[in-house]
2 protein chains.
Amino acid sequence: MDVEVLEGIFDANEKIARENEALFREHGVLAVNLMASPGAGKTSLISATLDRLAGRAQAGVIEGDIASSVDAEKIRTHGVPVVQINTGGACHLDAVMIRQALEHIDLSPLDLLIIENVGNLVCPAEFKLGESMRAMILSVAEGHDKPLKYPLMFSESDVLVVNKTDLIGMGDFDMEELRGTVTRMNPDIVIFEVSCRTGEGIEAWTSWLVERIAEHKERARRA
Amino acid sequence: MDVEVLEGIFDANEKIARENEALFREHGVLAVNLMASPGAGKTSLISATLDRLAGRAQAGVIEGDIASSVDAEKIRTHGVPVVQINTGGACHLDAVMIRQALEHIDLSPLDLLIIENVGNLVCPAEFKLGESMRAMILSVAEGHDKPLKYPLMFSESDVLVVNKTDLIGMGDFDMEELRGTVTRMNPDIVIFEVSCRTGEGIEAWTSWLVERIAEHKERARRA
């Protein structure tokens, strides 16, 4: 009986997610579901990416947090449209929350919508939002063994951004071991190495994102 | 209807948690529910604590992970009894999992049982295990703003261990701001600053833990 209820929740979420996805496609907006542990650098990566995107793509941001609006306030300084979702305790965003947030954001002028999920390496991977792309961040400080312990997130992501590369050498983090483990689990995943603090690798990631935006627009036009 | 089912789940968990708690009290075992984000240093803190505890207290460990047994293998090298729980996808431990794990561990010779929860700063705070103490770790790399964003964990913990103090100065982490925010939310919380990498602060934390073990045994004896 519990299982049936849970399946019902997943089914209902899936239906709304498909509607969100259709809306993004209709507007030619690449919607990125950005997931990571607390403190891995989601807001920092969004900030760094918005700086580099200026003049290359129009972005909007949905900020998901259990409580507080500190991240939304940081992102708002970049002059892009931002909607804050407070989940009020819930450990992940879901498709209904995104649908409600979309009532407060005009998709027409946008090329990219970055959705910052709740800081959690587990539950967000189980709930589709209607995103066009799943991106995750792993911080060097978290360690290279995390794919073994949180396999779903690493298996389901399209792109992995390894952040805080400026901390390499401070502990026993092994980038080659991480790359090996992740690509064995998910051979198609694209991996970037960045430091939001020093700016290292941000241009490579942003350029790749700009290409994906163009590709997505082209596909939407043809459909 | 969903809400009733969820309340049912919480009630059932609460009942088993009380049974676990009674069992720990009966054996005079201090059971510590150790919670933190992925990569904050739960396994490292357990390792460092076990090294310092040698000859001062008998410890056992329950290792909770979604998948893999890499942590249990690390802890086993300390020569203490270890039981691995794999949650198979679930984002937190619950009281039933602990009850099942307790079938594989003899509490009689133990003074301390450390339960390493799944790496997650959200969901574990909602499920009592029957623990005598709730301990959480925040890594300096995660940032000092985390209490605002994950308030339940910080409000419900008895002790906060701030780990990776060797990274202070590498980013904008502000210990005083963290201490201020946390103690406003939870005036009774005890805070330790440690680096499992350098060993800084580990003795202070371990000595405090040894005192809590003695106190807990004394209370159990009187009851």
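This is a tour of a predicted two-chain model, from the sheet of chain A to the contact between the chains.

Residues count from 1 along each chain as its sequence is written, and chains are lettered from A in the order in which they are written. Because the model is predicted, local features need pLDDT of at least 70 and side-chain atom pairs count only at pLDDT 80 or more, while totals for chains, interfaces and linings use all residues.

**The sheet**

Select the strands of chain A (DSSP runs of E, at least two residues; helices are runs of H or I, at least four; both are numbered from the N terminus). Seven of them form an open parallel sheet in the order 3-2-4-1-5-6-7. Its edges are strand 3 (82–86) and strand 7 (190–193), each pairing on one side only; pairing requires at least two DSSP bridges between two strands. Go next to strand 2 (59–65) and strand 4 (112–116) of chain A, which are joined in the parallel sense by five bridges. There, A:G60 stands opposite A:L113.

**Helices on the sheet**

Add helix 2 (42–53) of chain A. Helix 2 of chain A lies across strands 1, 2, 4, 5 and 6 and runs at about 165° to strand 4. Angles run from 0 to 180 degrees between N-to-C directions, with axes fitted to C-alpha atoms, for helices over the stretch in contact. Helix 8 (202–222) of chain A touches strands 1, 4, 5, 6 and 7, at about 140° to strand 1.

**The core**

Now pick A:V161. Contact means C-beta atoms, placed from the backbone, within 7 Å. Beyond its neighbours within four places in sequence, A:V161 is in contact with residues including A:L45, A:I137 and A:W205.

**A loop residue at the other chain**

Centre on A:G39, in the loop between strand 1 (30–35) and helix 2 of chain A. A:G39 has 30 other C-beta atoms within 10 Å and therefore counts as buried (20 or more within 10 Å, C-beta atoms placed from the backbone). Apart from neighbours within four places in sequence, its contacts include A:G119 and, across the chains, B:S37, B:A141 and B:K146.

**The interface**

Show both chains. In all, 32 residues of chain B are in contact with 33 of chain A. Helix 1 (2–26) and helix 5 (146–149) of chain B each supply at least two residues of the side that touches chain A.

Finally, superpose the chains by least squares on C-alpha atoms of residues with pLDDT of at least 70 in both. Chain B fits chain A with an RMSD of 0.0 Å after a turn of 180° and a shift of 0.0 Å along the axis, the relation of a two-fold axis. The copies meet through the same surface, because 100% of the interface residues of chain B are also interface residues in chain A.

Conventions. Contact = placed C-beta atoms within 7 Å. Buried ≥ 20, exposed ≤ 12 C-beta atoms within 10 Å, placed from the backbone.
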